[in-house]
Amino acid sequence: MKTRITTLLGIEYPIVLPGMTYVAVPELVAAVSNAGGLGILASGGMSADECRAAIRHVRSLTAKPFGVGCSLLLPGATECARVALQERVPVVNVSMGRAEWVVQGAHAYGGKVIATVSNEKHARSAIDMGVDGLIVTGHEAAAHGGAVTSLVLVPVVRDMTDLPIIAAGGFADGRGLVAALALGADAVAMGTRFATSRESVVHAATKQMIIDKPSEDTIYSSNFDTFPCRVMRTPGGEKYTARRLGPGLVLLRSWQAARELRTPLRPLLRDALRQGLVGAIKIAYFGAATLAMRKAIQQGDHAEGVQLIGQSQGLVRDTPTVSEIVDRVMRQAHDVKTRLPPG
């Protein structure tokens, strides 16, 4: 299937693995790219050296195009974006910040920049920055989806621009791909679906929970990491979204995360003092989100862990390989298109 995204990025199928922190690791990224889609490496939580090593690991596993995701507001993300440019990564996926310098750097070597947006304001800002395409993230998505559903947000953004669009939020099969194309998108991102693939590092117990839970069994709240965020409804998810973080709890969780992850807290505090409110948001994210996410993803701990998940968990019923997922999606999309009324 050829769309503007497949042409722009040099991929076979209009299917994308978004850069989910601790999930979109080199092995899964390479598996999606090798299957004909685009895998986006998550740089969240990485140092510059770790990001460089991860990029080179991806390259050791695939010769196909891939991307690196950088949420520019978060700790270490700017450094990782610079590394991605130095390594001439084919696609840099940016969010949460001004990225003109990333666009200029990528275009200098023929790379592409895709911006993740969750509302019209962010879409307009990204378009003005000169990006090559957009990931438009609807309300149904895991993590930081917007307030508007994909059914409305995708065509709204399409009316704003001719840039290629990757629709995210609620897409997990061929029916969703055809629907996204009808809305004006050129591809779909399927984070929740790929998180339950055989190649995914998500803990087996967590994968089974995704399979077992219905679509409505999620929580959408700004209390987890200060941004509106969708997580799985679990004891940990309910605990971490029950109330907004106060300064004392932010510092406590930051200290706990730094200790357990063996990350120096002092540089983060120093960065926060330099950057004021933005720095405080960074610490809140690090303290409230990082450790809890790792516990759910890597340990299957849902008493103290939090699993970011989309409403499309209701469409996930097994743990096939990445290649099987891509094949299924494309076959189902073809079948759906042939059943549509002519005209």
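**Exercise 1. The barrel**

Task: In this predicted model, determine which strands form the closed barrel and how they pair.

Solution: Begin with the strand order, which runs β1-β2-β3-β4-β5-β6-β7-β8 and closes into a barrel of 8 strands with parallel pairing. Next, take the orientation of neighbours: strands adjacent in this sheet are turned by 25 degrees against each other on average, when direction is ignored. Finally, place the barrel within the whole protein, which has 15 helices and 10 strands.

**Exercise 2. One strand pair**

Task: Find how many bridges join β5 to β6, and identify which residue of β6 stands opposite T116.

Solution: Strand β5 covers residues 112-117 and strand β6 covers residues 133-137; the two run parallel and are joined by 4 bridges. Within β6, the residue opposite T116 is I135.

**Exercise 3. Helices against the strands**

Task: Establish which strands helix α8 lies across, and at what angle it runs to β8.

Solution: Helix α8, residues 174-183, lies across β7 (165-168) and β8 (187-189), and its angle to β8 is about 125 degrees.

**Exercise 4. The packing of α3 and α4**

Task: Describe the geometry of the packing between α3 and α4, and work out which residues make the contact.

Solution: First comes the geometry: helix α3 (residues 48-61) packs with α4 at an angle of about 35 degrees, the axes lying 9 Å apart. The crossing of α3 past α4 is right-handed. Then list the residues, which on the α3 side are A48, C51, R52 and I55, and on the α4 side E79, C80, V83, A84 and Q86. Sorted by class, this contact comprises 6 nonpolar, 1 polar and 2 charged residues.

**Exercise 5. A glutamine in a loop**

Task: Decide whether Q307 is buried or exposed, and say which residues distant by more than four places in sequence are in contact with Q307.

Solution: Locate the residue first: Q307 belongs to the loop between α14 (277-299) and α15 (322-339). Its relative accessible area is 3%, and because buried means under 20%, Q307 counts as buried. Once neighbours within four places in sequence are set aside, Q307 is in contact with T206, V231, M232, A296, I297 and H302.

**Exercise 6. The protein as a whole**

Task: State what percentage of the residues count as buried, and what share of the accessible surface belongs to carbon and sulfur atoms.

Solution: Of the 343 residues, 57% count as buried. The accessible surface comes to about 14,300 Å², and 54% of this area belongs to carbon and sulfur atoms. As for contacts with a separation of 6 or more, 60% are accounted for by residues 24 or more positions apart.

Notes:
Residues numbered from 1 in each chain as written. Predicted model: local features only at pLDDT ≥ 70, side-chain atom pairs only at ≥ 80, totals over all residues. Heavy atoms only, no water. Buried < 20%, exposed > 50% of the residue type's maximum accessible area, 1.4 Å probe, protein only. Contact = heavy atoms within 4.5 Å. Areas by Shrake-Rupley, 256 points an atom, 1.4 Å probe, with all protein chains shown as cover. Pairing = 2+ DSSP bridges. Axes fitted to C-alpha atoms, helices over the stretch in contact; angles between N-to-C directions. Left-handed = near helix turned anticlockwise from the far one by under 90°. Nonpolar A, V, L, I, M, F, W, Y, C, P; charged D, E, K, R; others polar.
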